[in-house]
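Trainee: I should like to learn how to read the features of a protein model. May we go through one together?

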Amino acid sequence: MTENVENLLLEHLKRFQAGHDRIERDLKEIKARLSTLESGQRSLLRHIGHSASSIASRPPGDIKSFIGMFAGRSHKLLSIEDMNETVAAGWAGEP
């Protein structure tokens with residue numbers, strides 16, 4: 001009788017160990033992924049910082065010079081509705 005109990009306990013301990021091993025592997029993978037994400041985030045923040053300093057160092061412009069950049073690029077006049085549709089498509093990631 002005690003031998004059966006011992007065998008049963010050993011089987012349960014083996015299952016617990018297998019589950020523990022699986023959790024350790026999963027945790028190791030999660031740590032690796034998190035490290036990759038943190039590295040990418042640092043890179044993006046550096047890029048944003050460089051971009052922000054580049055923008056800040058430019059001389060200020062006005063709306064007329066900004067709008068003037070687009071002068072002559074299109075012969076089609078857009079309505080407000082057309083512009084809203086274009087903006088909505090851009091935010092939705094549509095080409």
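Mentor: Let us begin with exposure in this predicted model. A residue counts as exposed when its relative accessible area is over 50%. Phe16 reaches 61% relative accessibility, and therefore counts as exposed.

Trainee: Where does Phe16 lie, and which residues make a nonpolar surface patch with Phe16?

Mentor: Phe16 is placed in helix α1, which covers residues 2-57. Together with Leu10 and Leu13, Phe16 makes a nonpolar surface patch of about 350 Å².

Trainee: How much of the whole protein chain counts as buried?

Mentor: Buried means under 20% relative accessible area. In this protein chain of 95 residues, 1% count as buried. The accessible surface comes to about 9,400 Å², and carbon and sulfur atoms account for 63% of that surface.

Trainee: Which pattern does the protein chain follow along the sequence?

Mentor: The pattern is α-α-α. The protein chain has 3 helices and 0 strands.

Trainee: How should one read the spacing of residues along a helix?

Mentor: An α-helix has 3.6 residues a turn, so residues three or four places apart point the same way. With that idea in mind, we may turn to the salt bridges.

Trainee: How many salt bridges does the structure hold?

Mentor: The structure holds 3 salt bridges. One of them joins the side chains of Glu11 and Lys14, with an N to O distance of 4.0 Å. Glu11 and Lys14 are 3 residues apart in helix α1, so about one helical turn separates them.

Trainee: Are Glu11 and Lys14 buried or exposed?

Mentor: Glu11 counts as partly exposed because its relative accessibility is 42%. Lys14, at 54%, counts as exposed.

Trainee: Which residue forms a salt bridge with Arg22?

Mentor: The partner of Arg22 is Asp26, and their closest N and O atoms are 3.8 Å apart. Since Arg22 and Asp26 stand 4 residues apart in helix α1, about one helical turn lies between them. Arg22 has a relative accessible area of 44% and is therefore partly exposed. Asp26 also counts as partly exposed, at 35% relative accessibility.

Trainee: What distance, N to O, belongs to the salt bridge of Glu29 and Arg33?

Mentor: The side chains of Glu29 and Arg33 meet at 2.8 Å, N to O. Both residues lie in helix α1, 4 residues apart, about one turn of the helix. Glu29 is partly exposed at 40% relative accessibility, whereas Arg33 is exposed at 55%.

Trainee: How does one compare the reach of a helix with its expected span?

Mentor: One sets the distance from the first C-alpha to the last beside the span expected at 1.5 Å a residue. Helix α3, residues 80-91, has 12 residues and reaches 16 Å, close to the 16 Å expected.

Trainee: How many residues of α3 are buried, and what follows α3?

Mentor: Of the 12 residues of α3, 1 is buried, so this helix lies largely in the open. After α3 comes Gly93, whose phi is positive, near 85°.

Trainee: Which elements have the lowest and the highest mean pLDDT?

Mentor: The pLDDT is the predictor's confidence in each residue. Helix α2, residues 63-68, has the lowest mean among the elements, 68, while α1 has the highest, 89. The protein chain averages 84, and 88% of the residues score at least 70.

Methods: Residues numbered from 1 in each chain as written. Predicted model: local features only at pLDDT ≥ 70, side-chain atom pairs only at ≥ 80, totals over all residues. Heavy atoms only, no water. Helix = DSSP H or I, 4+ residues; strand = E, 2+ residues; numbered from the N terminus. Buried < 20%, exposed > 50% of the residue type's maximum accessible area, 1.4 Å probe, protein only. Areas by Shrake-Rupley, 256 points an atom, 1.4 Å probe, with all protein chains shown as cover. Patch = residues over 30% accessible without salt bridge, like charges linked within 9 Å, V, L, I, M, F, W, Y side chains within 5 Å. Expected span 1.5 Å × (residues − 1). pLDDT = per-residue confidence, 0-100.
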